[in-house]
Amino acid sequence: MFKEGQWMYNKCEDGAWGTSDYLDTKEKAIKLGVDYYEGESFWVGQIEPNNCGVGVNVDNILEDIHENVSSEIGSEIAEDYLCDVKSEHSEILEERLNEVLVKWMEEFSYTPSFFKMTNVEKIETIDL
């Protein structure tokens, strides 16, 4: 698993970075990149976590609950159910649900392993 701030090397600047291991220094990434690409140019970059918007949208959840209740007891009876939830209560619910979601993801190893690359630099091996 990567740590924020580690370095990698890659054949191209964009796309999926997965050629190398996660390295603690830029210098180590350059050295291993030179060996791996045998004289060809390559890129090094630094890892920054990217959680990609992991979380719940409480409005969708409340709507789903409303639809489930309406289908079970009738839309006329449940017409206004959960339609007047105060925004501060909605925010509290969303925060609590996201806390539970994150704990669940950590417990069962569903935490995203996505990252983005920053401080990306082209390494011209001819200059080394």
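Which exposed residues does the face of α1 turned away from its buried side carry? In this predicted model, that face of the helix bears E27 and K31, both of which are exposed. The opposite condition holds for A29, I30, G33 and Y37, which are the residues of α1 found to be buried. These four residues cover an arc of only 100° around the axis, and they therefore lie on the same side of α1. Such an arrangement can be read against the general geometry of helices: because an α-helix has 3.6 residues a turn, residues three or four places apart point the same way. The buried residues of α1 pack against three strands, namely β1, β2 and β3, the last of these comprising residues 115-123.

The length of α1 was also examined. The helix has 12 residues, and at 1.5 Å a residue these should span 16 Å; since its end C-alpha atoms are 16 Å apart, the model agrees with the expected value. Just after α1, E38 takes a positive phi of about 45°. A similar description can be given for α3, which runs over residues 87-107 and has 21 residues. From its first C-alpha to its last, α3 reaches 30 Å, close to the 30 Å expected at 1.5 Å a residue. Just after α3, a positive phi is again found, in this case at S109, with a value of about 60°.

Attention is next given to the nonpolar interior. The largest nonpolar core has 9 residues in all, and is made up of W7, Y9, L23, A29, I30, Y37, F42, V44 and I123. Two or more residues of this core come from each of the elements β1 (7-10), α1 (26-37) and β2 (42-49), and α1 gives the most, with 3 residues. For L23, a member of this core, the contacts comprise Q6, W7, Y9, K28, A29 and L32, when residues up to four places away in sequence are not counted. A second core, separate from the largest one, has 7 residues, among them F2, W43, F115 and M117.

The strands complete the picture. Strand β1 is covered on both faces, for W7 and Y9 on one side are buried, and M8 and N10 on the other side are buried as well. The pairing of β1 with β2 is antiparallel and extends over 4 bridges; within this pairing, M8 has G45 of β2 as its bridge partner.

Definitions and conventions:
Residues numbered from 1 in each chain as written. Predicted model: local features only at pLDDT ≥ 70, side-chain atom pairs only at ≥ 80, totals over all residues. Heavy atoms only, no water. Core = buried A, V, L, I, M, F, W, Y, C linked by side-chain atoms within 4.5 Å. Buried < 20%, exposed > 50% of the residue type's maximum accessible area, 1.4 Å probe, protein only. Contact = heavy atoms within 4.5 Å. Pairing = 2+ DSSP bridges. Expected span 1.5 Å × (residues − 1). Arc of directions from axis to C-beta.
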